[in-house]
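Here are a few exercises to work through with the model open in your viewer. Try each task before you read its solution.

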Amino acid sequence: MVALGSDHGGYDLKQEVIGYLKEKGIAFKDFGCMGKESCDYPEYGRAAAEAVAGGECDMGIVICTTGIGISIVANKVKGVRCALCADTVSARLTREHNDANMLAMGAGIIGKNLALGIVETFLNTPFSGEEKHARRVKAIE
Ligand SMILES: O=P(O)(O)OC[C@H]1O[C@@H](O)[C@H](O)[C@@H]1O
């Protein structure tokens, strides 16, 4: 189950991500926002992050205009490792190295096609399990 969260700035791109997840048959839960009226990203970033940290969802994807605000929020929740990505190499490496459990993207920074490529890479790349990376992830916790 993938937790989704966005503010108004990330709403449209979140709909594209929802379309991708539906096409792939990947279960998701959208923690809002549910429209394009101005709202506050901490509310929705926190809700998605708590679902990941609490085990209700395995992974999370959060989106705001820059991706920065909502990634800061997600990373305040203990147990969350949220990676702000604007390229597929980072999306792959943050899964392999950091075992990132949340992805943040900036809807004002990257386009739809790149964003969906990042989502695909993030969701399909496993943690490497290498001892040095596991040690560092444990140290973060
Ligand atoms: O759209 P407004 O309200 O101007 O600003 C909200 C944005 O502020 C940034 O941290 C986030 O990217 C968020 O989307």
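**Exercise 1. Find which backbone and side-chain atoms meet the ligand's oxygen atoms.**

Start at Thr66: one of its backbone N or O atoms lies 2.8 Å from an oxygen atom of the ligand. That makes a polar contact, meaning a pair of N or O atoms within 3.5 Å (within protein, one must be able to donate a hydrogen and the other to accept it, and residues adjacent in sequence count only if both atoms are side-chain atoms). Next, go to Thr65, where a polar backbone atom is 2.9 Å from an oxygen atom of the ligand. Then check Asp7: here a side-chain N or O atom is 2.6 Å from a ligand oxygen. Finally, fill in the surroundings: Asp7, His8, Tyr41, Cys64, Thr65 and Thr66 are the residues around the ligand, each with a heavy atom within 4 Å of it.

A word on the ground rules: this is a predicted model, local features need pLDDT of at least 70, side-chain atom pairs count only at pLDDT 80 or more, and totals for chains, interfaces and linings use all residues. Numbering runs from 1 along each chain as its sequence is written, and side-chain values use heavy atoms, with hydrogens and water left out.

**Exercise 2. Work out where Phe122 sits and what it touches.**

First, place Phe122 in helix H5 (helices are DSSP runs of H or I with at least four residues, strands are E runs with at least two, numbered from the N terminus). Phe122 counts as buried because its relative accessibility is 0%; the cut-offs are under 20% for buried, over 50% for exposed and partly exposed in between, with a 1.4 Å probe and protein chains only. Now list its contacts (heavy atoms within 4.5 Å): leaving out residues up to four places away in sequence, they include Met59, Ala91, Arg95 and Leu103. Last, look at the ring: Arg95 lies over its face, 5.9 Å from the centre, where the rule wants CZ of Arg or NZ of Lys within 6 Å of the ring centre and within 35 degrees of the ring normal.

**Exercise 3. Map the largest nonpolar core.**

Begin with the rule: buried Ala, Val, Leu, Ile, Met, Phe, Trp, Tyr and Cys residues joined through side-chain atoms within 4.5 Å. The largest such core has 22 residues, and Leu4, Ile61 and Leu103 are among those with the most contacts inside it. Strands S1 (2-6), S3 (59-64) and S5 (102-106) give two or more residues each, as do helices H1 (11-24) and H5 (112-124). A second, separate core of 16 residues includes Cys64, Val77, Met102 and Ala104.
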